[in-house]
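Ready for a few exercises on reading a protein model? Have a look at the picture first, then try each task before you read its solution.

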Amino acid sequence: QVQLVESGGGSVQAGGSLRLSCVASRSTYSSSCMGWFRQAPGKEREEVASIYTGGGSTYYVDSVKGRFTISQDNAKNTLYLQMNSLKPEDTAMYYCAAHSRAYCYTSWSKSSAYNYWGQGTQVTVSS
């Protein structure tokens with residue numbers, strides 16, 4: 001069982017930056033898919049970005065490309081999401097998730113593929 005704990009959320013003005021962190025309770029798998037999802041009030045949960053921990057390949061939803069960067073530090077069992085040029089539409093609860101049940105490049109955007117989830121951290125961007 002892997003426990004994921006997010007931190008780093010907060011309130012910022014549009015154009016600002018935040019860095020989210022997700023600490024895993026034990027070493028992540030040598031080859032697993034870890035990612036960030038978000039859910040705004042009244043909307044479905046959507047993928048944001050994922051990384052294949054075995055090789056470092058990254059995947060992003062179009063709306064965050066060029067603004068967000070996902071990275072990992074396996075020595076610290078930590079996943080990061082650096083968010084720059086934040087927009088009001090980025091406001092949501094952000095969740096860290098992980099799985100090793102399928103190839104990351106085919107499953108990264110499917111929330112149903114992930115079997116480990118954090119409790120979420122709130123990001124609020126004001127205009």
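A salt bridge here means a side-chain nitrogen of Lys or Arg within 4 Å of a carboxyl oxygen of Asp or Glu. Keep in mind that this is a predicted model: local features need pLDDT of at least 70, side-chain atom pairs count only at pLDDT 80 or more, and totals for chains, interfaces and linings use all residues. Residues are numbered from 1 along each chain as its sequence is written, and side-chain values use heavy atoms, with hydrogens and water left out.

**Exercise 1.** Find out which residues the salt bridges that share partners join into one network.

*Solution.*
- Step 1: start at Glu46, whose side chain meets that of Arg38 in a salt bridge (2.6 Å, N to O).
- Step 2: go on from Arg38 to Asp90, a salt bridge of 2.9 Å, N to O. Arg38 lies in strand β4 and Asp90 in the loop between β8 and β9, so this pair ties together parts that are 52 residues apart in sequence. (Strands are DSSP runs of E, at least two residues, numbered from the N terminus.)
- Step 3: Asp90 also bridges to Arg67, with the closest N and O atoms 2.8 Å apart.
- Step 4: put it together, and Arg38, Glu46, Arg67 and Asp90 make up one network.

**Exercise 2.** Sort these residues: is each one buried, partly exposed or exposed?

*Solution.*
- Step 1: get the cut-offs. Buried means under 20% relative accessible area, exposed over 50%, and partly exposed in between (1.4 Å probe, protein chains only).
- Step 2: Glu46 has 30% relative accessibility, so it's partly exposed.
- Step 3: Arg38, at 5%, counts as buried, and Asp90, at 0%, does too.
- Step 4: Arg67 is buried, just like Asp90.

**Exercise 3.** Work out what the side chain of His99 reaches.

*Solution.*
- Step 1: place the residue. His99 sits in strand β9 and is buried, with a relative accessible area of 0%.
- Step 2: look for polar contacts (pairs of N or O atoms within 3.5 Å; within protein, one must be able to donate a hydrogen and the other to accept it, and residues adjacent in sequence count only if both atoms are side-chain atoms).
- Step 3: the His99 side chain reaches the backbone nitrogen of Arg101 at 3.0 Å.
- Step 4: another polar contact, also 3.0 Å, links the side chains of His99 and Ser107.

Note on methods. Helix = DSSP H or I, 4+ residues; strand = E, 2+ residues; numbered from the N terminus.
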